[in-house]
Amino acid sequence: MITFFWIALFIIFYTFFGYGILLFFLVRLKKIFKKPFNFQNNVPLPSVSLLIAAYNEADIIEQKIVNCLSLDYPKHLLKVIFITDGSSDDTPQLISKYTEVKLLHQNQRSGKMAAIKRAMPFVDTEITVFTDANTFLNASAITELVKHYQNDKVGAVAGEKRILVAEQADASAAGEGFYWKYESALKNWDYQLYSNVGAAGELFSIKTALYTPVESDTIVDDHMIAMRIAEKGYIIAYEPKAYALESASANSAEELKRKIRIAAGGIQSIFRLKKAANPFRNPILTFQYVSHRVLRWTITPWLMIAVFFANISICLQHPNLELYQVLLALQILFYLAAAVGAVLESKAIKIKLLFVPFYFCMMNYATIAGTIRYFKGQQSAAWEKSKRRTN
């Protein structure tokens, strides 16, 4: 039991903190022996299609269109395409007012991946950029993304997701903002070491010629599209100067719903990305993929439960081992802080010290719930519009 406890505790620590620490030092070691890629100025820009799948986004879609049309990229090299499959509000009608963009609409709703697959035959540009309808890009986003394609080894480029967090934010908003700052640092280090291991749908791009259609029932389409390119031997770059701004989830319930869906999609992707998990094909990619993604989506949340009960068992069997009593007390204190944070958030009482433990526990609960939902076949590929904050 003691051996299991320490092995499980090590895996938990490695998953959430140890990999980041190791990555930090590996990147600095690499810089001693290899200089980063040197981008050239005045290189001809590639043609780009900006692809946006939108479902019932009437309240924000015109702001998104204006944002797309105001991007600092040559207009003759940029095509903007909206896909509104299944939208039952005024989203298609509002888009149709803008002649500068192309609208693809059908009444049937089959999911985001099906919508993207339907749209890709209309893409005839060198680069395809994907972005969500409820996010806003900085003016130089596309320019910053496409510069990475000067490196022939790059097949996809992930932008940065930034969460708008107000001072009076509750646990879901503040926790989400903190999480994405940490994730952004890991993605940056992943790329500096070798490659990212996925991309967020808020903003990423690919070489159009490398696009491989993925299954229409894919839940996390952005991750799968990028990783299929990585499986071909190409690098997924990361560019923090290209970012998508998004409001935080409206509340913890909405954030939990989103996280459960992502977790279900994560399990699905693990079964389908067999090449990425094969260390004999690309050992560095597999190391990054397992460390950054697979552990989080599989055993680590379950090990957190196992470690807690193993700790109780050890304390009962060996009451004189004070170290385990201290560790159990710390675990109880952490989970109590998360529980208090949940109660206070439901009463709109905001104590920032409790944001992180509450969000951390919610995130791992979502992983477990998403896994169960996936194996029960209860997670649809049709994307669900999450409620976001309006201020």
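**Close-up views of a predicted model**

**View 1. Contacts of F82 in the predicted model.** Set aside the neighbours of F82 within four places in sequence. F82 is then in contact with I52, I61, K64, I65, C68, I95, V101, K102, L103 and L104. Two lysines, K64 and K102, are on this list.

**View 2. The largest nonpolar core and another core.** Where does F82 belong? F82 is part of the largest nonpolar core, which has 69 residues. L50, L51 and F82 have the most contacts inside this core. Another core lies apart from it. That core has 22 residues, among them I12, L303, L327 and F358.

**View 3. Helix α1 packs with helix α11.** Helix α1 covers residues 2-33, and helix α11 covers residues 322-346. Their axes are 14 Å apart and meet at an angle of about 45 degrees. Angles under 35 degrees count as roughly parallel, and 65 to 115 as roughly perpendicular. An angle of about 45 degrees fits neither range, so α1 is oblique to α11. The crossing of α1 past α11 is left-handed.

**View 4. Residues between α1 and α11.** Which residues make the contact? From α1 come I2, F5 and W6. From α11 come L323, Y324, L327 and Q331. By class, six of the contact residues are nonpolar, one is polar and none is charged. L327 of α11 is also listed in the core of 22 residues.

**View 5. L316 in helix α10.** Helix α10 spans residues 300-317 and includes L316. Is L316 buried or exposed? Its relative accessible area is 69%; exposed means over 50%, so L316 is exposed. L316 and Y365 are 49 residues apart in sequence. In space, they are 27 Å apart, C-alpha to C-alpha.

Key. Residues are numbered from 1 along each chain as its sequence is written. This is a predicted model: local features need pLDDT of at least 70, side-chain atom pairs count only at pLDDT 80 or more; totals for chains, interfaces and linings use all residues. Side-chain values use heavy atoms; hydrogens and water are left out. A nonpolar core is a set of buried Ala, Val, Leu, Ile, Met, Phe, Trp, Tyr and Cys residues joined through side-chain atoms within 4.5 Å. Buried means under 20% relative accessible area, exposed over 50%, partly exposed in between (1.4 Å probe, protein chains only). Contact means heavy atoms within 4.5 Å. Axes are lines fitted to C-alpha atoms, for helices over the stretch in contact, and angles run from 0 to 180 degrees between N-to-C directions. Helices (H or I, at least four residues) and strands (E, at least two) are DSSP runs, numbered from the N terminus. Angles under 35 degrees count as roughly parallel, over 145 as roughly antiparallel, 65 to 115 as roughly perpendicular and the rest as oblique. A crossing is left-handed if the near helix is turned anticlockwise from the far one by less than a right angle, and right-handed if clockwise. Ala, Val, Leu, Ile, Met, Phe, Trp, Tyr, Cys and Pro count as nonpolar, Asp, Glu, Lys and Arg as charged, and the others, Gly among them, as polar.
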